[in-house]
Amino acid sequence: MVFAQDNDTIVASATAPGVAGIGIVRISGNNISTYINEIINDDLEPRKASYKSFYDSNKKVIDQGIVIYFPSPDSFTGEDVAEFHCHGGKIIMEMVIERCLELGARLARPGEFSERAFLNDKIDLIQAESISDLINASSKASAQSALLSMQGVFSDLVNELIEEIINLRKFVEACIDFPAEDIDFLKDDDLTNGLNNCIRKINETIEQAQQGRVIQEGVRLAIVGKPNAGKSSLFNLFAGEDLAIVTDIPGTTRDLLKENVFIDDLPVYLTDSAGLRETIDPIESEGIRRVHSEIKFASIILYVIDVSAFNPGEDLKLIEKNVGKLVSKDCSIILVFNKTDLCGISTDQNMKSHYPSVDISVKNKTGIDNLKKLIIEAIGLNDVGENVFTARRRHVKELTNALRYLEMGKVQLTNAGAGELLAEDLKLAQNCLSGITGSYLADDLLGEIFSSFCIGK
Ligand SMILES: Nc1nc2c(ncn2[C@@H]2O[C@H](COP(=O)(O)OP(=O)(O)O)[C@@H](O)[C@H]2O)c(=O)[nH]1
Ligand SMILES: [Mg+2]
């Protein structure tokens, strides 16, 4: 698919704004050697760092630094690219950018260098998105996963799937086009096996992409339970500081408290909340109403129970009424039996049989590693970091759509024996997958994706 692309020469600072030892101005377009000649008053050997003076239009020196020229097509964007490594002061950088603008360049839009790299087939859309994810990574694990996607691990899986669907399409369409050949392709084992194989692989890829999405986006985790269970104490333990007020007076926490933390390198949006109980206090009631709305959006609920003062039957009913009825279908509930320092671990098997559970003491910091393990397991991660590539919500959605078409195609094949309909479903599944790598994608979606990048990338 061909997208509209202008021939403008674009320029931007490739390094972050602010003062630094070095700042890099990057320029990309069709005839960058002219810009280089004007600015350094010299020619350059491709891909060799040269120390030069940078001149303004009056041949006055603006700065001295390194300049590198990457002629097309062997550059990041696929066009001619030059990098001016200046002293990293705001004014110096501005003067070099100004000079490029004077010579005819325009300022680059956010993500425009990556967009050009994509349009010139240097990288696919997954790789372009992962560059942005790598730059914005908030943890080592998300940086490592973004790197895997940037290196093409996810793209290779999607391309393999596309390849297999194309082979199935060729077979089905050939049989439709040449019915006289007398092959009952609908009964062909190769076709059924191929289709089943694709469905299995796509399911595996969805699972991996889901994990990558979690590492990229993080999870919402809400700490809930009865007053005085130790919710705020646990919140503070995860946050690493005393953010929430902890007292032995039930009903201390009224508002929602939120903090971004990492649990074993996984980004977590943590919420502490008012204790769940019947109350006529209007402020506390409002607090409880807010807990309920938070529960609806959480991916994980930690239901904290004070082991020294709990009543299994009552707690189960409370969980059902306040949590079970509100949570989304993918949300996991974990029972956290706290204060085991007071009376040992909980022996209640009835509650433990309903939900995954863990015994801890926030006071003595025991059981916390087991709790973290349960959290990681609850979101389906085997291990944070290792071999997980980043993926976005958009990718998981397209993979799921492709799976749906393949499954519909299988029904057409097995139930109705309808080859034409199977062919159509295979085509639609292929389009979904091509949308992930960007070879089949609407222009407006492309604009949306790149506009979220930073300028200069
Ligand atoms: N013995 C003991 N006390 C705890 C533990 N966790 C919290 N507490 C105490 O329980 C009381 C209520 O704690 P808090 O975190 O405010 O509970 P919340 O109402 O659920 O937020 C405070 O006095 C805490 O010091 C624990 O593991 N062991
Ligand atoms: Mg509290």
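Trainee: In which loop is Asn41 found?

Mentor: Helices and strands are taken here as DSSP runs (H or I over at least four residues for a helix, E over at least two for a strand), numbered from the N terminus. On that reading, Asn41 is found in the loop between α1 (32–40) and β3 (50–55). Before going further, note that this is a predicted model, in which local features need pLDDT of at least 70, side-chain atom pairs count only at pLDDT 80 or more, and totals for chains, interfaces and linings use all residues. Residues are numbered from 1 along each chain as its sequence is written, while chains are lettered from A and ligands numbered from 1 in the order in which they are written.

Trainee: Which residues of that loop have a positive phi although they are not glycines?

Mentor: Asn41 has a positive phi of about 60°, and Arg47, whose place is also in the loop between α1 and β3, has a positive phi of about 55°. For their surroundings we count other C-beta atoms, placed from the backbone, within 10 Å of a residue's own: 20 or more make it buried, 12 or fewer exposed, and anything in between partly exposed. Asn41, with 13 such atoms, is partly exposed, whereas Arg47, with 11, is exposed.

Trainee: What is the order of the strands in the open sheet of six?

Mentor: Two strands pair if DSSP finds at least two bridges between them. Here the order is β3-β4-β5-β2-β1-β6, with mixed pairing. The edges are held by β3 and β6 (106–107), each with a single partner strand, so one side of each is left without a neighbour in the sheet. β3 pairs with β4 in the antiparallel sense over six bridges, and Lys52 stands opposite Gly65 in β4. In the loop between β4 (61–70) and β5 (80–87) lies Pro73, which a cis peptide bond, with omega of about 5°, joins to Ser72.

Trainee: Why is strand β10 described as largely enclosed by the rest of the structure?

Mentor: Six of the seven residues of β10 (residues 300–306) are buried, so the strand is largely enclosed by the rest of the structure. It pairs in the parallel sense with β7 (residues 219–225) over five bridges, where Leu221 stands opposite Ile300. With β11 (residues 332–338) the pairing is again parallel, over seven bridges, and Leu302 stands opposite Ile334. β10, helix α10 (residues 312–324) and β11 make a right-handed β-α-β unit, right-handed in that, with the strands pointing away from the viewer, the path from the first strand over the helix to the second runs clockwise.

Trainee: Which residues have the most contacts inside the largest nonpolar core?

Mentor: A nonpolar core is a set of buried Ala, Val, Leu, Ile, Met, Phe, Trp, Tyr and Cys residues joined through C-beta atoms within 7 Å. The largest has 109 residues, and those with the most contacts inside it are Ile301, Tyr303 and Val336. Helix α6 (residues 153–177) gives the most to this core, with eight residues.

Trainee: How many residues are around ligand 1, and which come nearest?

Mentor: A residue counts as near a molecule if its C-beta atom, placed from the backbone, lies within 6 Å of it. There are 21 residues around ligand 1, of which Gly230, Lys231, Ser232, Ser233 and Lys363 come nearest. Helices α8 (231–239) and α11 (340–343) each supply at least two residues of this shell, and α8 gives the most, with three residues.
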